[in-house]
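Let's walk through this structure together, starting with the overall layout and then moving inward to a few individual residues. Keep the 3D view open beside you as you read.

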Amino acid sequence: DPARGPVVDLPSISANISKLVPAATGEASNHWMPYIWTTETVPATGTYPRPAGAVAYQGGTDTGGTFTNHRDGTYTYVFGTNLTTAMRGGTAVGYERNRTTRVLIMLGGHSGATGDAHFDFVPDGSALTETRAIIDTAPCQTCHGGLQFQAHGGNRRSIEACQSCHVQGATDAESGNSLELRSMIHKIHAGGELASMQATGSTPFTVWGYGNAQ
C-alpha cells in the first residue's frame with residue numbers, strides 16, 4: 001500500500017498469459033500471442049458497420065482459476081485455462097514451453113489497491129533471450145499522466161499489459177478494425193495524417209471495444 005505495508009485483503013485478481021512468437025517471413029518483429037481468447041459478437045440491436053452476429057476474436061483474461069489469499073500479503077493464482085488445449089476460435093493456439101512467456105496480473109480498477117504486474121520467463125527453464133521492448137510506459141504518461149493512462153476499468157496501467165492482448169489477429173467485432181496496439185494507437189493519435197485515412201471514401205477509425213462503448 002502507499003505506506004509499503006502488505007495488502008492482505010484483495011478479493012480477487014484478473015490474469016492472462018501469452019507467448020512471444022518469432023517474426024515470420026515478411027514480418028518486421030516478433031509479437032505476443034495470447035493463450036486465452038474471447039469471442040465478441042456484434043449485437044442484434046444497434047447500427048454497426050458489420051452485420052449482427054458477426055464475430056471477432058480478442059485476447060482475454062482467464063476464467064475458472066483458483067485464487068488463494070494466504071493472509072500475509074501473498075497470494076496464489078492457479079489458471080483455469082489448460083494451455084495445451086487453448087483455442088482461438090476454432091484454431092489451436094499451441095502450447096510452446098520453449099518460448100518467452102508473459103504472465104500478467106491485474107488487480108483493482110474500481111476501488112482499493114489498483115495496478116498490474118507482469119513476469120516474463122521460459123517455461124522449460126531455459127534462459128530468457130528473446131524479448132519485445134519497443135516503447136516504455138513512461139513516454140505515454142508524459143501526456144496522459146499516471147492516473148489517466150489506464151484502461152478497462154482502471155487495472156491496465158502499463159504498455160506491457162496492453163501488449164498482452166492488443167495483438168495481431170485481435171479485431172473489433174462491430175467495426176472489423178484491428179485492435180493490434182501498433183495499428184490502433186497510431187490511428188487514434190494520428191489518424192487524420194495517415195494516408196489510409198485521407199484517401200477518398202475512407203471512414204473514421206472507430207472501435208466499440210470495451211463494454212461496447214464507442
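Starting from the N terminus, the elements of the protein chain run β-β-β-β-β-β-β-β-β-β-α-α-α-α. Counted up, that is ten strands and four helices. Please keep in mind that you are looking at a predicted model.

How compact is the protein chain? Its radius of gyration is 18 Å, close to the 17 Å that the globule rule gives for 214 residues, so the protein chain is as compact as a globular protein of that length. Along the principal axes, the C-alpha trace spans about 60 × 40 × 35 Å. Take the contacts between residues at least 6 apart in sequence: 56% of these join residues at least 24 apart.

Next, the surface and what lies beneath it. The accessible surface of the protein chain comes to about 12100 Å², and carbon and sulfur atoms account for 53% of that. Of the 214 residues, 34% are buried. As for charge, the protein chain carries 17 negative and 13 positive side chains, with the centres of the two sets 3 Å apart.

Now let's go inside. In soluble globular proteins, nonpolar side chains tend to be buried together. Here the largest nonpolar core has 19 residues, and those with the most contacts inside it are Ile-17, Tyr-35, Trp-37 and Val-93. Three elements give two or more residues to this core: β1 (14-21), β2 (31-34) and α3 (181-190). A second, separate core has six residues, among them Tyr-48, Ala-56, Ala-173 and Trp-208.

Val-93 is a good place to pause in the largest core. Setting aside its neighbours within four places in sequence, Val-93 is in contact with Lys-19, Met-33, Pro-34, Tyr-35, Trp-37, Ala-86, Met-87 and Arg-88. Two of these partners, Trp-37 and Arg-88, are worth remembering, as they also touch Gly-169.

Where does Gly-169 lie? You will find Gly-169 in the loop between α2 and α3. With a relative accessible area of 35%, Gly-169 is partly exposed. Beyond residues up to four places away in sequence, the contacts of Gly-169 are Trp-37, Tyr-57 and Arg-88. Gly-169 and Arg-88 are 81 residues apart along the chain, while their C-alpha atoms are separated by 9.6 Å.

Glu-180 also has its place in the loop between α2 and α3. Is Glu-180 buried or exposed? At 15% relative accessibility Glu-180 falls under the 20% cut-off, so Glu-180 counts as buried. Not counting residues up to four places away in sequence, Glu-180 touches His-166, Val-167, Gln-168 and Ala-170.

Moving on to helix α3, we meet Leu-181. Leu-181 is buried, with a relative accessible area of 15%. Leaving out residues up to four places away in sequence, Leu-181 touches Cys-162, Gln-163 and His-166. Leu-181 and Ala-199 are 18 residues apart in sequence, and their C-alpha atoms are 22 Å apart in space.

Finally, look at α3 as a whole. Its buried residues are Leu-181, Ser-183 and Met-184. An α-helix has 3.6 residues a turn, so residues three or four places apart point the same way. The buried residues of α3 pack against α2 (159-165).

How values were computed
Residues numbered from 1 in each chain as written. Predicted model: local features only at pLDDT ≥ 70, side-chain atom pairs only at ≥ 80, totals over all residues. Heavy atoms only, no water. Core = buried A, V, L, I, M, F, W, Y, C linked by side-chain atoms within 4.5 Å. Buried < 20%, exposed > 50% of the residue type's maximum accessible area, 1.4 Å probe, protein only. Contact = heavy atoms within 4.5 Å. Rg over C-alpha atoms; globule rule 2.2 N^0.38 Å. Areas by Shrake-Rupley, 256 points an atom, 1.4 Å probe, with all protein chains shown as cover. Lys, Arg positive; Asp, Glu negative; His and termini not counted. Charge placed at Lys NZ, Arg CZ, Asp CG, Glu CD.
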